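Welcome! Open your viewer, and let us walk through this protein one selection at a time.

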Amino acid sequence: MKYEALKKEDPEIYGLIQKEARRQKEGLEMIPSENYASSAVLEAMGSILNVKYAEGYPGKRYYGGNIYIDEIERLCQKRALKAFGAEGYHVNVQPLSGSPANLAVYFALLTPGDTIMSLKLDHGGHLTHGSPTNFSGKNYNFVFYPVDPKLETLDYDVIEKLAAEHKPKIILSGYTAYPRSIDFERIAKIAKQVGAISMADISHISGLIVGGVHSSPFPYTDVVMTTTHKTLRGPRAAMLFCREEFKDQIDKAVFPGMQGGPHEHTIAGIAVALREAMTDGFKEYVAQILKNATTLAKSLQGQGLKLVTDGTDNHLMLIDLRPFAAGSGIFVEKALEEAEISVNKTTVPNDPMPPYYPSGIRLGPPALTSRGMKEQEMEQAGKLIARIVKEFAKIKLPEEKEKRAASVKEFSAKLADNSLIKEVKSQVIELASKFPVPGIDLPH
Ligand SMILES: *Cc1c(COP(=O)(O)O)cnc(C)c1O
């Protein structure tokens, strides 16, 4: 894609895209839910498929002219089942993103007020797993299981006990900020014992599963949701797998229950990403993610930082800032951003602070690994990050709630002149400049 038309027709948007491209090239993208899609994926998404209305499903559409669209959607479904080794499952590739896909499952299989069991949100659960501010939490009765207070890992015996006690209709596993592997087989077994449907939200780890470096929810789990834009490296969208017995309910919940016309240009992009995910190159890629994550974790720990669960088995890790100052996540995130390292602040298990002022930092190497970085670069990145964390995690947030925003603003205003940040930033730019970003080919 050359962006020639865009440059000519809309220099304002073109200019902003160019700035964003430069930001992505210059800095280190370490938010573990972000990743680069290939140029082939982006070309499919930017194609004329954007025109088509295709409400319904292949072979049964409410609009004409869908001969090739049907072929594309069927191919995407076929590749999805093959990539995940999900024989015997049905797949719906139309969900617009992860959040509506999760809501579609609840809508398909439950009545408002029914009980869902999921991981506590400040222990790593997602917004759509029962946040009181979300549609999920407002319409369904969520009961939560915790991580072990000491180890900070899942305690399957506790999940089993709580399941027996609350008899949920769905038991949800798969998380947004959990650095350890998940025993899907065990959770599915617990669900079966209490007559619940097992549901796995593998949004973060789906690439690791396809690449064979994380255990799979197939064939144990009844319903599996994944986004396609995280470790899987596809377009921003989602897919829903389910056992045949739930096929009609799930399909009806997605369309016409929650959505209208499917985004077939995106579905084509998912198909391309799935084809890529079945190559040996992708297997090497996810194996490298794990090596990079382990190296990064060791590097951070070697600099004296505490990680939640004391390490990682997957593509992400959480720095626990409580040994410095609870609530300092926002300062560290902003300081790292100024040094062109993108991470996100996050709650840590039993965080004493609220989600907007949490006590942790979540980061990981999937996007850097897509750029070709290896262990040596992770060592380097770990050292740079630790220097910033140790300097800025000490900063205390005001006790008084109404003074917090102003203190963050005042802090941010001074960052550009900070000499440590300037030094780290120049090293970040130097490191990043050696590794091209896949999918970005804007001239500048
Ligand atoms: C990212 C994520 C989602 C939501 O995906 P969106 O595409 O942002 O709506 C849902 N569940 C989990 C576990 C996630 O990590």
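A contact here means that heavy atoms lie within 4.5 Å. With that in mind, note that this is a predicted model, and begin with everything selected. Among the contacts in the protein with a separation of 6 or more, 74% are between residues 24 or more positions apart.

Stay with the whole protein and colour by secondary structure: you will find 17 helices and 15 strands. The radius of gyration is 22 Å, close to the 22 Å that the globule rule gives for 444 residues, so the protein is as compact as a globular protein of that length. Turn the C-alpha trace along its principal axes, and the spans come to about 60 × 60 × 45 Å.

Next, switch on the surface. About 19,200 Å² is exposed, with carbon and sulfur atoms supplying 53% of that area. Buried residues, meanwhile, make up 57% of the 444.

Now colour the charged side chains. There are 54 positive and 54 negative ones, and the centres of the two sets lie 1 Å apart.

Time to zoom in: select residues 115-119, which form strand S5. Are they mostly covered or uncovered? Mostly covered, since 5 of the 5 residues in S5 are buried.

Which strands pair with S5? Add residues 141-145, strand S6, which runs parallel to S5 and is joined to it by 5 bridges. Within this pairing, look for Thr 115 and its bridge partner in S6, Asn 141. Then add residues 170-173, strand S7, which is also parallel to S5 and pairs with it over 2 bridges. Here, Met 117 has Ile 171 of S7 as its bridge partner.

Note on methods
Residues numbered from 1 in each chain as written. Predicted model: local features only at pLDDT ≥ 70, side-chain atom pairs only at ≥ 80, totals over all residues. Heavy atoms only, no water. Helix = DSSP H or I, 4+ residues; strand = E, 2+ residues; numbered from the N terminus. Rg over C-alpha atoms; globule rule 2.2 N^0.38 Å. Buried < 20%, exposed > 50% of the residue type's maximum accessible area, 1.4 Å probe, protein only. Areas by Shrake-Rupley, 256 points an atom, 1.4 Å probe, with all protein chains shown as cover. Lys, Arg positive; Asp, Glu negative; His and termini not counted. Charge placed at Lys NZ, Arg CZ, Asp CG, Glu CD. Pairing = 2+ DSSP bridges.
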